[in-house]
Amino acid sequence: QGQLEESGGGLVQPGGSLTLSCVAPSIIFDGNAWGWYRQAPGAQRDLVASIGSRGRSRYADSVKGRFTISRDSTKSTLYLHMSSLKPEDTAAYYCNLNPPGPYWGQGTQVTVSS
């Protein structure tokens, strides 16, 4: 599967915005569906947004209307633009294939707090 590199997390106030990025190996990026997953402390890792190889996107109900997933094949990069952030969005965010492969990146931490 190769290395996945997530970035863009940080501390943001409620109502704020962040954009996460994930660089994937080009050999597996094109032609595959991808997803953003998140895991809060003590919770399971859940899929919050996915995008197909042709760009069709789907979202968990908890983020619908607030998060936007996109992909750039020229850069083998997956994005997640998050707006109207809530404290319950606090989690480590990961990218992976959808369904996920066996290897995960380090993730990027998003903390929503005043």
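**Exercises on strand pairing in a predicted model**

In strand S8, Leu80 is the bridge partner of Ile69. The exercises below concern a predicted model.

**Exercise 1.** Determine how many bridges join S7 to strand S8, and in which sense the two strands run.

*Solution.* Begin with the pair Ile69 and Leu80, the latter lying in S8. Next, extend the view to the whole ladder: S7 and S8 (residues 77-82) are joined by 6 bridges and run antiparallel.

**Exercise 2.** Place S7 and S8 in their sheet: state the strand order, and explain why one side of each edge strand is left without a neighbour.

*Solution.* First, the sheet is open, has 4 strands in the order S1-S3-S8-S7, and its pairing is antiparallel. Second, the edges are taken by strand S1 (5-7) and S7; each has a single partner strand, so one of its sides lacks a neighbour in the sheet. Third, from one strand to the next the twist averages 15°.

**Exercise 3.** Identify the order of the open sheet of 6 strands and the kind of pairing in it.

*Solution.* First, the order is S2-S10-S9-S4-S5-S6, and the pairing is mixed. Second, strand S2 (10-12) and S6 are the edge strands, each pairing on one side only. Third, the twist in this sheet averages 25° from one strand to the next.

**Exercise 4.** Describe how S4 pairs with S5 and with S9, naming residue pairs.

*Solution.* Take S5 (residues 46-51) to start: 5 bridges join this strand to S4, and the two run antiparallel. Within this pairing, Tyr37 has Leu47 of S5 as its bridge partner. The connection is a hairpin with 6 residues between S4 and S5, and Gly42 in the turn has a positive phi of about 80°. Turn then to strand S9 (residues 91-97), which pairs with S4 over 6 bridges, also in the antiparallel sense. In S9, Leu97 stands opposite Trp34, and Tyr93 stands opposite Arg38.

**Exercise 5.** Explain why strand S4 is described as largely enclosed by the rest of the structure.

*Solution.* A residue is buried when its relative accessible area is under 20%. In S4 (residues 34-39), 5 of the 6 residues are buried, so the strand is largely enclosed by the rest of the structure.

**Exercise 6.** Locate Gly65 and decide whether this residue is buried or exposed.

*Solution.* First, Gly65 lies in the loop between strand S6 (57-59) and strand S7 (67-72). Second, the cut-off for exposed is over 50%; Gly65 has 77% relative accessibility and therefore counts as exposed. Finally, Gly65 and Met82 are 17 residues apart along the chain, and their C-alpha atoms are separated by 9.5 Å.

Note on methods: Residues numbered from 1 in each chain as written. Predicted model: local features only at pLDDT ≥ 70, side-chain atom pairs only at ≥ 80, totals over all residues. Heavy atoms only, no water. Buried < 20%, exposed > 50% of the residue type's maximum accessible area, 1.4 Å probe, protein only. Pairing = 2+ DSSP bridges. Axes fitted to C-alpha atoms, helices over the stretch in contact; angles between N-to-C directions.
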